[in-house]
Amino acid sequence: MIHSSLVKHSSFINGQWLSSEDTFDVINPYNQELVAKLANANVVDTENAVTAAKQALKAWSALSADDRSIILRKWFDLIMANQDELATILTLEQGKPLAEAKGEIAYGASFIEWFAEEGKRVYGDTIQAPSADKRIVVIKQPVGVVAAITPWNFPNAMIARKAAAALAAGCTFVIKPATLTPLSALALAELSIQAGIPPGVFNVVVGNDSKTLGKVLTTHKDVAKFTFTGSTAVGKTLLKQCTSTVKKVSMELGGNAPFIVFDDADIDAAVKSAISSKFRNAGQTCVCTNRILVQESILEEFTNKFVSAVKSLQLGNGLDDNISIGPMITKEATCTVTQLVEDSIKAGAELLTGGNSDLGENFYQPTVLSGVTNTMPIATNEVFGPIAPIISFNTEQQAIDMANDTDYGLAAYFYARDIGRVWRVAEALQFGMVGINDSAISNAAAPFGGIKQSGSGREGSKYGLDDYLEIKYLSMGGI
């Protein structure tokens, strides 16, 4: 078990830490050892969190944007001052290498820093009225209480990205983090106290009955906005539940990202970028490369260089030095990717490297498959694991058609140097985000989100406040 002042063991509601005799375990995915025992929240606790957020809303939204900015900036400073400790907590509960965990802490904090400033820039409009005795004004106001459910793969950043925009806009916030990784959320709550965020403004509900607690957040009449990051299947269920009260909803769902390498690409740069995009967090990200599409004329050169780079990746305990890939989140996750690889080989794919691991039940070697077609399950499913299927193509249009042949539309990447091709492909790809000679596409200043069954709404950037604001039109007569 871990001992730290930032490790808390219960839900945080209305500025108080709850207690309960009913508990659940947080397990280290590297060695299956106990990290912490947490009090298990129930329906009443979740309803109380919403009530606390509603009661705190009036005072928080009445603060000036400058006053909220000062508090959020303190929160950012505290997070960065505790970056190493927060990263250790994250690695212990989630498994990713410590360097990646530190990067996630900084990434999540960057949204708090960004929205601390962007919250000051909520602008309205004046509109020309149809008659001289009228005036038309448009103002923006906080939507109200925001509820959120976040995933286990980025247990700090996915919360910070949502909470930063909500609080900056003047909303109050209730978060239900993933049962597998609740400690990062609770650590953020502890730092929120130190930053001076008032009771009820930021609430964390932790419990292992996710369906029941999630239903409270999606159906409660006092929750005005619901935001979710996770799988498309779960997102569809939550979206249906939100219809009962016609909530404002944003969804950041699954992906099936193509990584296209054209024959005019810088192949060495493309290999380096594909490695980073595919194997970050053991391939357990919604925007990681899912399919590598390579033009036939450079297929052999790219494949040889890519396989060589993959073989240099090191698996192990995320807390150890020089580790490239940590464990997968659960044994079940490992079994899923194992089955996908086996099915692909049976369907005609060739295993070039990887395909197993002797480090433990939650580990899977970084794996490369060639001879894959765009219709194999390894290509049509979102693969949450360190598996890289390589698919060949001949023409530019064929690559575009293959890339778009998916229900998902979150992120896509391609490498090319011809300026005409860059514009044609970028405009033709049906994805919310496109990395061109770049796979590190996410940052606080850019709008993160997808189209099709990858969700709706945007997080980060100047557009990120819109999902937490309502537009109000004021018509003034008798002027």
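Q: Which residues of helix 13 meet which residues of helix 14?
A: E396, I400 and N404 in helix 13 meet R421, R424, V425 and A428 in helix 14. The model is a predicted one.

Q: What makes these residues a contact?
A: Contact means heavy atoms within 4.5 Å. E396, I400 and N404 of helix 13 meet their partners in helix 14 on that basis.

Q: Why is helix 13 called roughly parallel to helix 14?
A: Helix 13 covers residues 396-404 and helix 14 covers residues 419-428. They pack at an angle of about 25°, with their axes 10 Å apart. Angles under 35 degrees count as roughly parallel. Helix 13 is therefore roughly parallel to helix 14.

Q: Which hand does the crossing of helix 13 and helix 14 have, left or right?
A: This crossing is right-handed.

Q: How many nonpolar, polar and charged residues does the contact of helix 13 with helix 14 have?
A: It has three nonpolar, one polar and three charged residues. Ile, Val and Ala count as nonpolar, and I400, V425 and A428 take part here. Glu and Arg count as charged, and E396, R421 and R424 take part too. N404 is in the contact as well, and Asn counts as polar.

Q: Why is helix 9 called oblique to helix 10?
A: The axes of helix 9 and helix 10 (residues 299-311) come within 10 Å and cross at roughly 45°. Roughly parallel needs an angle under 35 degrees, and roughly perpendicular needs 65 to 115. The angle here fits neither range, so helix 9 is oblique to helix 10. The crossing is right-handed.

Q: What makes up the contact of helix 9 with helix 10, by class?
A: There are 10 nonpolar, no polar and three charged residues. Helix 9 brings I267, D268, A270, V271, A274, I275 and F279. Helix 10 brings E301, F302, K305, F306, A309 and V310. Asp, Glu and Lys count as charged, which puts D268, E301 and K305 in that class.

Q: Why are helix 2 and helix 6 also called oblique?
A: The axes of helix 2 (residues 65-81) and helix 6 (residues 183-195) come within 9 Å and cross at roughly 130°. Roughly perpendicular stops at 115, and roughly antiparallel needs over 145. The angle lies between these cut-offs, so helix 2 and helix 6 are oblique to each other. Their crossing is right-handed.

Q: Which residues make the contact of helix 2 with helix 6?
A: Helix 2 supplies I71, K74, W75, L78 and I79. Helix 6 supplies L188, L191, S192, Q194 and A195. By class, that is seven nonpolar, two polar and one charged. Lys counts as charged, so K74 is the charged one.

Q: How many cavities of 30 Å³ or more does a search of the whole structure find?
A: The search finds one. About 30 Å³ of space lies in the largest cavity.

Q: What makes a space a cavity rather than a pocket?
A: In a cavity, a 1.4 Å probe fits but cannot get out, whereas a pocket is an open set.

Q: Which strand gives the most to the lining of the largest cavity?
A: Strand 11 does, with three residues. Strand 10 and strand 11 (248-252) each give two or more. The lining includes T227, F228, S250, M251 and E252. By class it divides into three nonpolar, five polar and four charged residues.

Q: What lines the largest pocket?
A: This pocket has a volume of about 980 Å³. It is lined by 39 residues, of which W152, F228, G230, S231 and V234 lie nearest its centre. The lining has 20 nonpolar, 13 polar and six charged residues. Helix 11 gives the most, with five residues.

Q: What lines the second largest pocket?
A: Its volume is about 400 Å³. There are 22 lining residues, and Y107, F154, R280, V287 and S442 lie nearest the centre. Helix 4 (98-118), helix 5 (157-169) and helix 9 (267-279) give two or more residues each. Helix 4 gives the most, with four. The lining divides into 10 nonpolar, seven polar and five charged residues.

Note on methods: Residues are numbered from 1 along each chain as its sequence is written. This is a predicted model: local features need pLDDT of at least 70, side-chain atom pairs count only at pLDDT 80 or more; totals for chains, interfaces and linings use all residues. Side-chain values use heavy atoms; hydrogens and water are left out. Axes are lines fitted to C-alpha atoms, for helices over the stretch in contact, and angles run from 0 to 180 degrees between N-to-C directions. A crossing is left-handed if the near helix is turned anticlockwise from the far one by less than a right angle, and right-handed if clockwise. On a 1 Å grid over the protein atoms alone, a cavity is a set of points where a 1.4 Å probe fits but cannot get out, and a pocket is an open set with protein on both sides within 12 Å along at least five of seven lines; lining residues have an atom within 4 Å of a point. Grid points are joined across faces, edges and corners, and a volume is the space filled by probe spheres set on the points.
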